[in-house]
Every structure is written in structure tokens, then in C-alpha cells.
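Could you walk me through this model, starting with its fold and moving on to its packing?

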Amino acid sequence: MIHLKGVGKIFSNNVVALSEVDLDIKRGDFVFLVGPSGAGKSTLLSILYRGVKPTRGTVMVNGVDVKALRHHEVPAFRRKLGVIFQDFKLLPDRNVYNNVAFALEVIEAPQKDVARRVGKALDLVGLTQKAKARPNQLSGGEQQRVAIARAIVNDPILVLADEPTGNLDPDTSRDIMELMSDINELGSTVICATHNKAVVDEMRRRVIEMEHGRIIRDERRGVYSFEGPIA
Amino acid sequence: MKARSLKLIANQTLRGLLRNFALMALVIVAACMFVLGSTFAVALNVTNVGIQLQKQVEIKAFLKEGAKDYAAIGANIKAIPGVKSATYVSKDEALKRMAEEYPDYREVIATLPSNPLPASFDVEISDPKSIREIAGAVSGISGVESVNYGQSYVEGLSSMLQVLWSFTALILVAMAFGSAIIVNNTIGITVTARRNEIDIMRLVGASDGFIRAPFVLEGMIIGLAGGLIAGLGIFFGYEGAVRWVHGMAPFVPLVTAPWARFGLLALVVLLGAALGAGAGNNATNKYLKD
């Protein structure tokens, strides 16, 4: 599903964000990306959805050579992905339903599909009753659920989440991560960058730890802090 | 593009226009277009003054006393390249004109024992720059005593107009450039304020054209509206300005024809719309790069 070989990223200000990253992720995996701020987690996610281009190396996502994608091919590639951020990135002047529907409308999805798919996504995140509410009428957790609904409304093969619980309290964070787990069980591969130790330790999923732009640990059922190989 | 997508783009545009930044942009664009349009109006009239002054440049060809075949002389003058027309002025006509030009001396003119003025030709030329050569050719025609074209006046006028036009063109270019930058930056602010929207559209896989459309449309509408406000100000202010200048300097030949006002209005509106659309496009492109 995802194959990275010798991937490096140096920004124009000469900051080395990634260096010699090799990584393989199978379809249906649930992966936590952990590590200190500046370790390269967000850059790695950004490379996967072609937010930035790698400086070197090979990046294959679902059989697509992401680095070789031409500018006009990027939108079609992104339609197969769902991306979630810490700051939700919702449109404040649209209600919940329209924020989710927006993702389908801008890709000119058939009209008859929009209502059905938005309804399904809102049902999955438990916000059907709040479809008409504006983002400022929702709690942080609910806003993140809207962002998740928008990310999954297009049935993505891969969901990338960059600190999705960064602005949320522990209980809400746990709910959001359970939701991410449900999405994973429905078939989407999920990669989630996080600093949330409690959730990572509790869920015991694959953990990839990064530091200074390199992968320093990759465990099948890992925890936030390294505690030795698991048999 | 589907009708529903056009509706979504229109909706996006409308949402953008209803924000505070759009009103700020409208005011700034209107101010820029007003200054630019006014500069165009000044340039138009400076050009007209030059054209009118040049039109007044003509050669006076005085005929020898007793030259009778003025039709042949006139034909010879008209045959010179660069001569637009040659109008015969008889001795009587010359005296009549003098009386009209100097009414205080009418009585003196009436008591003259004989008409001292020679017959002549008023020679209009198409290119004032060639006046020296044409005057030389006219003076060589048989029956022509002498020519007069106000040598020093014509040469001074040409130099002055050259400087005036260069200066006006320079100011016009500077104003157009300055206005384009201000409009570009102002519309750019309205796009930057909605950067989140662009990011979201990119993330969900909207095409560049789809993302760009509402911002280009919004810029165009702001430019069009700003241009219209400025254009109407110029349209209605122009007549007053012409009256004011005429009151102070009635001899200055200003453009008073209606086409000038309508032309300035159309120019400012179209320029505003084009600059606005271009600014929307530029600002959006900044966020669509890889």
C-alpha cells in the first residue's frame, strides 16, 4: 500500500526534515507516528498526500509514484485520501452537513450520492443530530468529528491524521481514536501522528517513532515510549 | 463543468463578497481606478491640446503683386507632398479679415486709399514636423512672393509637445503600474483571508480551475464594482472639471464630446474588472503551487 525508500526532504531554508526514510505499510494497517516536535512526522504525512514533494527517494502510495505525479494529477490522487488536522480546518460559515458535503461537491460527485454519503459519514461519527449546527456551536471533539466525517465521506483508501487529538481533552481524545479505529476496521489504512501517550499505549497498534527526520523505531504492537522488542 | 458546480462556484464567490475584506477591497480599488481614470482624462486632454495646437500650424504663402493665375498656383501648392489643403485668400478677403481681427482699427482701414495687403494661400499641412521642407517647396513656386509659418513658434511648439507627451505618458504608465500593484495586493488580502478554504479544497482533491474560479470571479466583481464607482465619479465630474477649466482658461481646447466621458467610464470599468480578475488569479496561484 505504502512504500518509501530512501526518502529525504530538505526545505528551501536548508532545514533537513526527513533523511533516508524507508517504510512499508500494508493495506488495512493502523499506524501511530510518534516522536518529538520537529521529528518529521508532519512532513512525512505531507509527503504521503503530496502536500510537499520529497527532495529524494521513492514514495509509492497505492501503486502511484507520488513524487512523479504532475501538478494536474494531484487532485485525482488526493480524492482517494482523507486528511485530518489538529485545527480541524472547517469552514466557519457552513453548517456541519455542508462542511462534509463540500468535499464531494468540489470534486463534482453526483448529486444523488452527496446526501446519501454525507448522511452515512455523519452517522458514523455520531453527528446526524447536529447536521445543521455551525462549527462555532460545536465542542472541539465534535468539530474534529466533522473533520473526520469530511475525510471519510469519499471512502478513502488511506486516512492521514496529523495530531487529531492535539486540541482535545483525554476522554474526547480516546473517543476520537476509537472512531479512527472504527474507520480502520471499515477498510481504510490509517496513519496517525500523535503525542498522545495514553491513547497509543492503550491501543497497542503499530508504532513508528521518528527523531531528527529518521525512523528510529518500528514496532508491530508498540507503545509511545520504547520498552524493548515485543515477542 | 456541471451546472451544480457553477452554482457552487457562484455560492463561494458570493460568500467571499459578503465579507468585510471585500468592502475594504472595493473602496481601495474604486480609489485607485478613480485616480487612474482621472490621469487618463488629463492625458486625453493634453493630447487634444497638442493636436489642436498642431492643427493651427499652417503656412501663409503670399502671392506676388499682379499674380493672376491663382488657380494654377493653388494646384501647384496642393501637389506638394504633405499639403492637406490650400485655400485662396484674395486681397479683399485679407483686408476683411484684418478688419475683423482688429475692430479698433476698422475706421483707419476704411480710409486707406488702396488695399496694401497681398493675396495669399492658407496652406494646411498633414504633418507639422515637415513644415520647413513644405514651406521651402511652396516658396519656390512661381507667383509666390514669400512664405510665413512662424518658424520659431512651430519649432518651440514641437519641442514643448514632445516633452509634455513624454511626461504625460510617463505619469500614465506609473499610475497604471501603481494601481495594478495596489489592486493586486488588496485583492490578494481578501484571498489570503480565505486561505483555509483553499487548503481544504486542495486537500479534498478539487482541481486548480475549480479552486481558482470563485476567487477570480470575486476579484473581477470587486474590480468591476470599484471601476463602476470610479467611472461614474469621473463621468459626472468630467463636465464640471471642463467647465471649471474653461472658466479659468477659455482658450484651452478640451475634449467636450460625449464619447470622452463614455469612453473613460468604459475604460475604467473594464480595466477595474481585468485588474481584479488578474489579482484574484495571481493571489490564488500563490497557494496552488506544489
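Here is a short exchange between two colleagues.

Modeller: Happy to help! This is a predicted model, where local features need pLDDT of at least 70, side-chain atom pairs count only at pLDDT 80 or more, and totals for chains, interfaces and linings use all residues. Residues are numbered from 1 along each chain as its sequence is written, while chains are lettered from A and ligands numbered from 1 in the order in which they are written.

Colleague: What is the radius of gyration of chain A?

Modeller: The radius is taken over C-alpha atoms, and the globule rule is 2.2 Å times the number of residues to the power 0.38. With 231 residues, a compact globule would come out near 17 Å, which agrees with chain A at 17 Å.

Colleague: Which helix gives the most to the largest nonpolar core?

Modeller: Such a core is a set of buried Ala, Val, Leu, Ile, Met, Phe, Trp, Tyr and Cys residues joined through C-beta atoms within 7 Å; buried means that 20 or more other C-beta atoms, placed from the backbone, lie within 10 Å of a residue's own. The largest one has 114 residues, with L33(A) and M33(B) among those with the most contacts inside it. Helices are DSSP runs of H or I, at least four residues, numbered from the N terminus. With 14 residues, the top contributor is α9 (residues 208–248) of chain B.

Colleague: How many residues does chain B bring to the contact with chain A?

Modeller: Two residues are in contact if their C-beta atoms, placed from the backbone, lie within 7 Å. Chain A brings 16 residues, and chain B brings 17 residues.

Notes. A residue is buried if 20 or more other C-beta atoms lie within 10 Å of its own, exposed if 12 or fewer, and partly exposed in between; C-beta atoms are placed from the backbone. Helices (H or I, at least four residues) and strands (E, at least two) are DSSP runs, numbered from the N terminus.
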